[in-house]
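Me: Please give me a close look at one part of this model, namely the packing of a single helix. I should also like the account to continue into the aromatic and charged side chains of the structure.

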Amino acid sequence: MYKDYSGPKVDIQPDDLSKYENGDWVIEPKIDGMWAAMVVKSGSLSFYSRAGLTPDKCYISELSKFKLPFDNAIICGELNASTDRASRDYARNGFYSFYAFDILEVGKNNFRKLSYLDRRKKLSLVFQEINFLYSHLPGRLLEVPYAGNLFRHRYEHIVSNSGEGVILKNIHAKFTAGKNEDIVRCKERLTDDFVLMDIGTTDGGDKTGVWGQYHNGKLHYVMRSQPKDMSILCEANIGKY
């Protein structure tokens, strides 16, 4: 069913990168993992998928212990988990990382209608404080870097050093949930791998929280998560997968 997908074009070839280097786009390294929203309530951290599920505790147990100096915030990013690369990183570092690339709320401020570039500037201000407070625990909470030039050069450097590829994002775009034409991927290898969220149900129809990954023609178990209160993400307008 994926090959018949007729939505926005999300993949381009390396030769097309220069077409986007026109002042309207920025380039970011593509992080290998699962999309997640880091929700801050009274300083405490929780993590949710787009479907409102909490990732397996083994991925977020250390990150959830962090306390941030904000009453509330919603920060979007990639949780470096559930992939082969994440497993290797965990074996080397002993922890999983969260890579932030967008911010929707801080305190009473709602940033969804700001441009992506303005949201990134807000995110950088937040991470100045996070980096100051947790400089003694590096590598856990990270901000994804971005740049407005040298797209092909940056792509080639990333993939030559075992990176997955890059993401291009329109700097004028307001926040929109899910895949859209303001986000474009360029990867060294395109695959038919898909993470499938909350695919299991009981005989009574209740969701089991099981996640799977369709990889090389086979469905593999990834983890079991627990459903949470969906109102947080509905308010956040993060949307469904």
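Reply:
**Helix α3 and its packing partners**

In this predicted model, the buried residues of α3 pack against five strands: β1 (25-29), β5, β6, β8 and β9 (165-170). The buried set consists of Y116, R119, R120, L123, V126, F127 and I130. Because an α-helix has 3.6 residues a turn, residues three or four places apart point the same way. The helix itself has 18 residues and reaches 26 Å from its first C-alpha to its last. That span is close to the 26 Å expected at 1.5 Å a residue.

One of the strands that the helix packs against, β6, comprises residues 98-106 and includes E105. The relative accessibility of E105 is 17%, so this residue counts as buried, the cut-off being under 20%. Its side chain makes a polar contact of 3.0 Å with the side chain of R112.

The aromatic side chains come next. Across the whole structure, a search finds five aromatic pairs. Such a pair of rings is described by the distance of the centres and the angle of the planes. One pair involves β6: the ring centres of F47 and F98 are 5.5 Å apart and the planes stand at 65 degrees, so the arrangement is edge-to-face. F47 belongs to strand β3 (residues 44-48) and F98 to strand β6, and the pair thereby links distant parts of the chain, 51 residues apart. F47 and F98 are both buried.

A further pair joins F66 and Y134, whose ring centres lie 4.4 Å apart with planes at 35 degrees; the pair is therefore tilted. F66 is in the loop between α1 (57-60) and β5 (72-79), whereas Y134 is in the loop between α3 (116-133) and β8 (141-143), so the contact ties together parts that are 68 residues apart in sequence. Both loops thus border elements already mentioned: β5 on the side of F66, and α3 and β8 on the side of Y134. Like F66, Y134 is buried. In addition, Y59, Y90 and Y96 form one aromatic cluster.

Charged groups also lie over aromatic rings. R140 is positioned over the face of F95, 3.9 Å from the ring centre. K169 lies over the face of F101, where the distance to the ring centre is 3.8 Å.

Note on methods
Residues numbered from 1 in each chain as written. Predicted model: local features only at pLDDT ≥ 70, side-chain atom pairs only at ≥ 80, totals over all residues. Heavy atoms only, no water. Phe/Tyr/Trp six-rings, centres within 6.5 Å; stacked < 30°, edge-to-face > 60°. Helix = DSSP H or I, 4+ residues; strand = E, 2+ residues; numbered from the N terminus. Buried < 20%, exposed > 50% of the residue type's maximum accessible area, 1.4 Å probe, protein only. Lys NZ or Arg CZ within 6 Å of the ring centre and 35° of its normal. Expected span 1.5 Å × (residues − 1). Contact = heavy atoms within 4.5 Å. Polar contact = N/O pair within 3.5 Å; in protein donor to acceptor, adjacent residues only side chain to side chain.
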